[in-house]
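Student: I would like to learn how to read the interface, the empty spaces and the backbone of a two-chain model. Could you take me through them in turn?

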Amino acid sequence: MNIHIPDQRGKFGTFGGRFVPELLIPALEELEQAYEEAINDPVFTKEREDYLTDYVGRTTPLYDAKGLTKAYGGAHIYLKREDLNHTGAHKINNALGQGLLAKRMGKTKIVAETGAGQHGVATATVCALLGLQCTVFMGEVDMKRQQQNVFRMELLGAKVVSVTNGSGTLKDAVNEALRYWVKHVEHVHYMIGSVVGPHPFPKIVRDFQSVIGEETREQIIEKTGALPHAIVACVGGGSNAMGMFYPFIQDKQVKMYGVEAGGSGIQTGKHAAALSTGTVGILHGMMTYLLQDERGQITETASISAGLDYPGIGPEHSYLQSIDRISYPSVTDEEALEAFHVLAKTEGILPALESAHAIAYAKNIAQTMDKNETIVICLSGRGDKDVPQIQANDRE
Amino acid sequence: MKSIQHCFEEKINQNKQLFVPYIMAGDGGMDRLEEDLLFLERCGASAIEVGIPFSDPVADGPTIQAAGIRSLEAGTTLDQVFTQLKKSKHKRKIPIILMIYVNVVYVYGIEAFVQSCKESGVQGVIIPDVPFEEEDLVTPALKQGGVEWIRLVALTSSKERINQLTKEAEGFIYAVSDTGTTGVRTEQHKDLYPFLQSVQAASSVPVLVGFGISTGDHVRALRPYCDGVIVGSAIVEWLHEKKYEDIQSLIQATFPT
C-alpha cells in the first residue's frame with residue numbers, strides 16, 4: 001500500500017483510535033492479529049481473489065458514460081460500475097473479505113448493522129455462502145423505507161432485528177450491533193459495514209474496498225492513457241469512497257471529492273453532512289467529525305438515502321480533510337433525486353440514491369471542466385432498492 | 001479530602017462489604033439529585049457513582065438507557081450536574097464518582113472538566129469507552145487536578161492485561177462481572193469467581209464488582225471474592241419507581257453479619 005496510515009494505535013493523524021469498553025479489547029486485538037496474518041498469507045489472498053472473480057463478478061467495468069457526459073456538458077465522465085457486483089453494491093467486497101477472515105478465526109456467528117440494507121444483504125449473502133449464522137440490526141425507520149432489502153436478508157437466512165431506539169436509523173443499528181457484540185464477543189465476529197468503528201475496522205474495510213480504486217487506476221490509464229482529473233464518490237461512513245480514493249492518494253494532481261448527504265439543505269439543519277458542518281468528537285469507537293450539539297450529544301440526521309444517514313464519518317476521511325487532500329462537499333435530497341432521473345434517462349442505469357449524490361455533484365464540477373478532462377464517478381450501488389421510495393416521492 | 005481508596009479501606013477494616021450504587025443524574029429531575037445522594041449515603045453507601053446521560057450509551061442495557069433518555073428529555077446537562085453537586089458538596093461525606101461517556105468529556109473540554117470535578121467535589125471518574133490504550137487523552141489532566149481515574153477490568157481480560165490494568169491503579173478496580181451491557185441478570189457468568197480471584201491477587205486497591213447485581217443473595221455470594229459491589233440498573237429502577245425500602249434492604253445485605 002502506498003501510505004502507512006493508520007499507525008499502530010489505529011490513528012489517522014489525531015483521528016481514529018480504539019474507544020471501546022474493556023470487554024471488546026481482546027476481540028479487537030485478536031482481529032488485528034488475524035487480519036495481519038491473513039493478508040500476508042497467499043492462500044487467503046488467493047481464496048479471496050477467486051471469490052471476487054467467480055462469485056462477486058469482478059473486475060467491474062469502468063464505463064464511458066457518453067450520455068451523461070453529453071447531458072452534463074463538460075468533462076468526460078466514466079462510471080465505476082460497482083452496481084454490477086453480485087448483490088448490487090460495493091458492500092460485498094468488504095463482507096466477503098471479513099467473512100473469510102471470520103471463518104479463519106473460527107467464528108461461527110456474524111453480527112452486522114445496516115442502513116440502506118445493502119451491507120445487510122451483502123453480509124447475509126456471504127454468511128449463506130460460507131455457512132455462518134447471521135444477525136443484522138437495522139433501524140425501524142430504515143426497515144420501513146427499505147422493506148425489500150429486509151425480505152432479501154431473510155430469504156438469505158439472516159435474522160433481521162428492528163432497532164427502535166433513538167432515531168431508528170444507522171447510528172442506532174450500530175449501537176445495538178455493538179451491544180450484541182459485547183454480549184456474545186467470544187463466538188461472534190462483528191462485520192462492520194463501513195470504514196468506521198474502532199481500530200482495526202477502518203483499516204480492514206478500506207483495504208478490502210481498495211480493489212475499487214486499484215481496478216479504476218488500471219482501467220482509466222488503459223482507456224485514456226492518463227490518470228483522471230477528478231474522482232467523485234458519495235460518503236456516509238465512507239467505504240466506497242475510501243476504497244476508490246486510497247490508491248490515488250499519492251497522485252496529488254487527481255482531485256477527489258467525497259459527497260455528503262445535504263438532506264433538505266445544510267441551512268435547514270436536516271442533513272447528514274458530518275465533515276462539512278460537524279465538530280470533532282468520539283462515537284462508535286473512533287475520534288472523528290460528528291454531528292452533535294455543543295454538549296456532545298449526537299444529533300439526529302436526515303437524508304433521503306438510508307445509507308448516508310449517519311452522524312459520523314470514517315476517521316481516515318476526517319484526516320484526509322484535515323490535510324486538505326480531499327474535499328467534502330454536499331448535495332441535497334432534491335439534487336440527488338434529479339441525478340437519479342438523469343442517469344436513468346441518459347444511460348439506462350438506475351443508481352442507488354447514495355450513489356446519486358456523487359452523480360449530482362459531478363454535474364457541478366463537470367461544467368467547470370474542459371471536455372478533454374476526465375471525471376470518474378464511483379457508482380457504488382444499483383437503485384432497484386430505491387424504486388418504491390422514488391415512486392412515493394414522485395407522487396407527492 | 002480523603003482519597004477514595006482511604007475511605008474504602010476504612011470500611012473494609014470495619015469488616016464491611018463496600019456498596020456503590022449508581023444513579024442517573026437528572027432522572028426524575030435535577031432537584032432530586034441531592035436528595036437521592038443523601039438518601040443513599042444514609043442507607044450506608046460507601047460511595048456513589050453518578051451517571052451522566054449520553055445519546056449513545058453503548059455500554060448500557062435497557063434500564064440505564066431508558067433513564068438516560070428520561071434525563072436528556074428533561075434537559076439535563078453536565079454543567080447542571082456540576083452545579084448541583086457543588087451545592088451539596090459539604091453535606092456529603094462519601095466520595096462521588098462520575099460515570100460518563102468520553103464524548104461528553106471531550107466536547108466539554110478535558111481541562112475544564114477536571115476543574116469542574118474539583119469544584120464540585122467529584123473525586124473519581126469512570127469513562128467506560130476509554131480503555132487503557134486511550135487513557136492518555138484524559139489521565140494527565142486528571143492527575144494534575146487530583147481526580148482519581150478508575151479502571152475497568154473485564155472477564156475477557158487476559159492475565160497479562162489484568163496485571164497491566166491493576167498496576168498503578170487508583171481508587172479501586174471496577175471488575176465487570178459479565179460480558180454484555182449493564183442490567184439485571186439472574187445467573188452469574190461461569191468464569192466469574194476465578195476471574196475475581198485473579199484480579200484480587202493482582203490488585204493493591206480494593207476490587208468492586210459491577211454489572212448484573214440486584215439481590216442480597218448476589219451480594220452475599222460475592223463477599224469472599226471482592227471488596228464490594230456496584231449496583232446500577234436495579235437502583236436506577238427502584239429510584240424511578242420510588243421503591244426506597246428495596247434499596248435500603250439491598251444495602252443492608254452488605255453489613256457485617
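Tutor: The turns below go through the interface, then the cavities and a pocket, then the backbone. Keep in mind that this is a predicted model.

Student: How is the size of an interface given, and how much area is buried between chain A and chain B?

Tutor: The size of an interface is often expressed as the accessible area that is lost when the parts come together. Here about 2,900 Å² is buried between chain A and chain B, and carbon and sulfur atoms give 53% of that area. On the chain A side, E22(A), L23(A) and R179(A) supply 23% of the area that this chain buries against chain B, more than any other three residues. The contact takes 35 residues from chain A and 38 residues from chain B.

Student: How many salt bridges and polar contacts are there between chain A and chain B?

Tutor: Seven salt bridges are counted between chain A and chain B, against a count of 40 over all chains. There are also 21 residue pairs in polar contact between the two chains.

Student: Which elements of chain A touch chain B?

Tutor: Helix 1 (25-39), helix 8, strand 11 (279-283) and strand 12 (286-290) of chain A each give two or more residues to that side. Helix 8 of chain A gives the most, with seven residues. By class, the side of chain A that touches chain B has 15 nonpolar, seven polar and 13 charged residues.

Student: How far apart are the closest N and O atoms in the salt bridges of K183(A) with D178(B) and of D136(B) with R9(A)?

Tutor: The cut-off for a salt bridge is 4 Å between the side-chain nitrogen and the carboxyl oxygen. For K183(A) and D178(B) the closest N and O atoms are 3.9 Å apart. For D136(B) and R9(A) the corresponding figure is 3.4 Å. The second of these pairs crosses between chains: D136(B) sits in the loop between strand 4 (122-126) and helix 7 (139-145) of chain B, and R9(A) in the segment before strand 1 (11-12) of chain A.

Student: Now the empty space. How is it found, and how many cavities of 30 Å³ or more are there?

Tutor: Rolling a probe the size of a water molecule over the atoms shows where empty space is left. A search of the whole structure finds nine cavities of 30 Å³ or more. The largest cavity has a volume of about 360 Å³, and 32 residues line it. Those nearest its centre are H90(A), K91(A), L170(A), G193(A) and G307(A). Strand 5 (109-114), helix 5 (118-130), helix 8, helix 11 (239-245) and helix 15 (353-366) of chain A each give two or more residues to the lining.

Student: What classes of residue line the largest cavity?

Tutor: Its lining has 11 nonpolar, 17 polar and four charged residues.

Student: What is the volume of the second largest cavity, and what lines it?

Tutor: Its volume is about 130 Å³. The lining has 18 residues, and Y174(B), T182(B), F211(B), G232(B) and S233(B) are the closest to the centre. Strand 9 (228-231) and helix 11 (233-240) of chain B each supply at least two residues of this lining. By class, the residues divide into 10 nonpolar, six polar and two charged.

Student: A pocket is open where a cavity is closed. What is the volume of the second largest pocket?

Tutor: About 420 Å³ of space lies in the second largest pocket. Among its 24 lining residues, G166(A), F54(B), S55(B), I69(B) and L72(B) are the closest to the centre. Helix 8 (170-183) of chain A and helix 3 (62-73) of chain B are the elements that give two or more residues to the lining. Helix 3 of chain B gives the most, with five residues. The lining has five nonpolar, 11 polar and eight charged residues.

Student: Last, the backbone. Which peptide bonds are cis, and which residue has a positive phi?

Tutor: Most residues other than glycine have a negative phi, and most peptide bonds are trans. Here the bond from R58(A) to T59(A) is cis, with omega near 5 degrees. T59(A) is in the loop between helix 2 (42-56) and strand 3 (62-64) of chain A. The bond from H199(A) to P200(A) is also cis, with omega near 15 degrees. P200(A) is in the loop between strand 8 (188-190) and helix 9 (201-209) of chain A. D324(A), a residue other than glycine, has a positive phi, near 60 degrees. D324(A) lies in the loop between helix 13 (315-322) and strand 13 (330-331) of chain A.

Conventions: Residues numbered from 1 in each chain as written. Chains lettered and ligands numbered in written order. Predicted model: local features only at pLDDT ≥ 70, side-chain atom pairs only at ≥ 80, totals over all residues. Heavy atoms only, no water. 1 Å grid on protein atoms, 1.4 Å probe; cavity = no way out; pocket = protein on both sides within 12 Å on 5 of 7 lines; lining within 4 Å. Points joined across faces, edges and corners; volume = space filled by probe spheres on them. Helix = DSSP H or I, 4+ residues; strand = E, 2+ residues; numbered from the N terminus. Nonpolar A, V, L, I, M, F, W, Y, C, P; charged D, E, K, R; others polar. Contact = heavy atoms within 4.5 Å. Buried area = accessible area lost by both parts, 1.4 Å probe. Polar contact = N/O pair within 3.5 Å; in protein donor to acceptor, adjacent residues only side chain to side chain.
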